Amino acid sequence: MAGYDDRDGVIWMDGELVPWREANVHILSHAMHYASSVFEGERAYNGKIFKSREHSERLVASAKALDMPMPYTIDQIEAAKEGALKASGLQDAYVRALVWRGSGEDMGVASAKNPVRMAVAVWPWGAYYGDAKMQGAKLDIAEWKRPSPETIPVHAKAAGLYMICTISKHKAEAKGCSDALFMDWRGYVAEATGANVFFVMDGEVHTPLADCFLNGITRQTVIQMLKDKGITVHERRIKPEEMADFEQCWLTGTAAEVTPVGQIGDYTFEVGDLTREIAADYEALVRA
């Protein structure tokens with residue numbers, strides 16, 4: 001399979017559809033050196049991007065958190081994503097919207113003189129964890145921790161926040177795992193490298209309070225689905241040792257969708273009825 005830089009098609013870039021292989025940036029783009037970029041990962045089903053406007057709103061909020069004035073309105077972002085999706089010819093696809101500080105007069109930490117740029121790329125992307133959607137993913141426990149909100153804008157979907165995710169996922173995959181689970185700086189369960197986590201005990205659902213990590217759009221969707229079913233959902237701080245008492249576990253995320261978890265470190269979980277039900281209900285919702 002060709003690399004992501006060597007494909008046919010087009011990428012929306014700064015208001016134009018550019019041939020895929022020509023969608024390039026200068027090596028002195030500020031984002032490459034100082035992580036001044038934010039992004040959204042979205043999925044389209046049957047030709048429609050799920051929760052598209054919510055993603056666009058979060059993209060703008062993330063850019064604001066990183067002091068990057070957006071050159072486009074939410075309506076313009078929506079039009080860009082729709083145009084890129086249509087040009088791709090795909091019905092089911094992954095949509096990546098990216099905003100970054102480009103190259104310009106500044107090449108130090110400050111970048112106020114450099115333009116803020118935007119691109120949207122669309123490509124096919126199957127199950128994020130492969131066959132784990134049926135068997136249950138296996139997760140390592142990361143050595144790194146999610147930082148305090150006093151250290152970085154933790155609710156922005158910013159590229160720099162994913163550095164420890166890449167390190168931790170690489171280490172997990174080397175151990176034969178699909179992903180890694182983070183604790184936060186206090187030692188409570190936080191999230192996986194690119195997905196939120198849910199647990200089940202005695203028919204009730206427990207999920208970490210999103211006070212130091214991204215409150216995922218899929219996370220919020222699933223919580224509402226559970227509440228609509230009359231299932232009690234506890235958003236709270238969860239100690240790692242509590243995982244020994246949970247019966248089921250799943251991950252949520254735009255790429256991950258709803259993925260069952262069979263093991264985290266030494267803790268094991270069944271791929272139970274509620275996990276399968278929520279996964280099926282989510283699939284039905286996004287394709288409705």
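## Exercises on a predicted model

The structure used here is a predicted model. In strand β9, Val-189 is the residue that serves as the bridge partner of Met-183.

**Exercise 1.** Work out in which sense β8 and β9 pair, and describe the turn that joins them.

*Solution.* Begin with the two strands, which cover residues 179-184 in β8 and residues 189-192 in β9. They pair in the antiparallel sense over two bridges, and one residue pair to look at is Met-183 with Val-189. Next, turn to the connection, where four residues lie between β8 and β9, so that the two strands form a hairpin. Within this turn, Gly-187 has a positive phi of about 105°.

**Exercise 2.** Explain why Cys-165 is not bonded to Cys-212.

*Solution.* Recall that a disulfide is a covalent bond between the sulfur atoms of two cysteines. The cut-off for counting such a pair is 2.5 Å between the sulfur atoms. The cysteine sulfur closest to that of Cys-165 belongs to Cys-212, and because it is 12 Å away, it is too far for a bond. Cys-212 is likewise in no disulfide, and the structure as a whole holds zero disulfides. As for their surroundings, Cys-165 counts as buried because its relative accessibility is 4%, and Cys-212 is buried with a relative accessible area of 1%.

**Exercise 3.** Locate Val-25 and decide whether it counts as buried, partly exposed or exposed.

*Solution.* Val-25 sits in the loop between β2 (16-19) and α1 (30-34). Its relative accessibility is 38%, and therefore Val-25 counts as partly exposed. Finally, Val-25 helps to make a nonpolar surface patch of about 670 Å², together with Ile-27, Leu-28, Met-32, Tyr-34, Met-107 and Val-109.

How values were computed: Residues are numbered from 1 along each chain as its sequence is written. This is a predicted model: local features need pLDDT of at least 70, side-chain atom pairs count only at pLDDT 80 or more; totals for chains, interfaces and linings use all residues. Side-chain values use heavy atoms; hydrogens and water are left out. Patches are made of residues with over 30% relative accessible area and no salt bridge: like charges are joined within 9 Å, nonpolar side chains (Val, Leu, Ile, Met, Phe, Trp, Tyr) within 5 Å. Accessible areas come from the Shrake-Rupley method with a 1.4 Å probe; for residues, only the protein chains shown count as cover. A salt bridge is a side-chain nitrogen of Lys or Arg within 4 Å of a carboxyl oxygen of Asp or Glu. Buried means under 20% relative accessible area, exposed over 50%, partly exposed in between (1.4 Å probe, protein chains only).
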